[in-house]
Amino acid sequence: MLSDAGIDRVYLACGATDLRKSIDGLAALVKEGFALDPFAPCLFVFCNRQRDKLKILRWDHNGFWLYYRRLERGK
């Protein structure tokens, strides 16, 4: 499924991330904090301290996608 979408890798950020960050803040974190290219065909996954919310950053042709997921039960 990920190969059909053109995704090469999935990177999970260890530890908690401030999910108040938007696309620009998360892209800067990928570039400066992790020394990775935010425009690469990859998914960058971030979670909050309680691990019940996720944000996924993805570059697609001419813009970023920012997926947000709130987990209702469990982590």
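**Strand E2 and its surroundings**

Five bridges join strand E2 to strand E3 (residues 53–60), and the two run antiparallel. Strands here are DSSP runs of E with at least two residues, helices are runs of H or I with at least four, and both are numbered from the N terminus. Two strands count as paired if DSSP finds at least two bridges between them. This is a predicted model, in which local features need pLDDT of at least 70, side-chain atom pairs count only at pLDDT 80 or more, and totals for chains, interfaces and linings use all residues. Residues are numbered from 1 along each chain as its sequence is written, and side-chain values use heavy atoms, without hydrogens and water.

Within the E2–E3 pair, Phe46 has Lys55 in E3 as its bridge partner. The two strands form a hairpin with five residues between them, and Arg51 in the turn has a positive phi of about 60°.

E2 also pairs with strand E1 (residues 9–12), in the parallel sense, over four bridges. There, Val10 stands opposite Leu43.

In a regular strand the side chains alternate between the two faces of the sheet. In E2 both faces are covered: Cys42, Phe44 and Phe46 are buried on one side, and Leu43, Val45 and Cys47 on the other. Buried means under 20% relative accessible area, exposed over 50%, and partly exposed in between (1.4 Å probe, protein chains only). Because six of the six residues of E2 (residues 42–47) are buried, the strand is largely enclosed by the rest of the structure.
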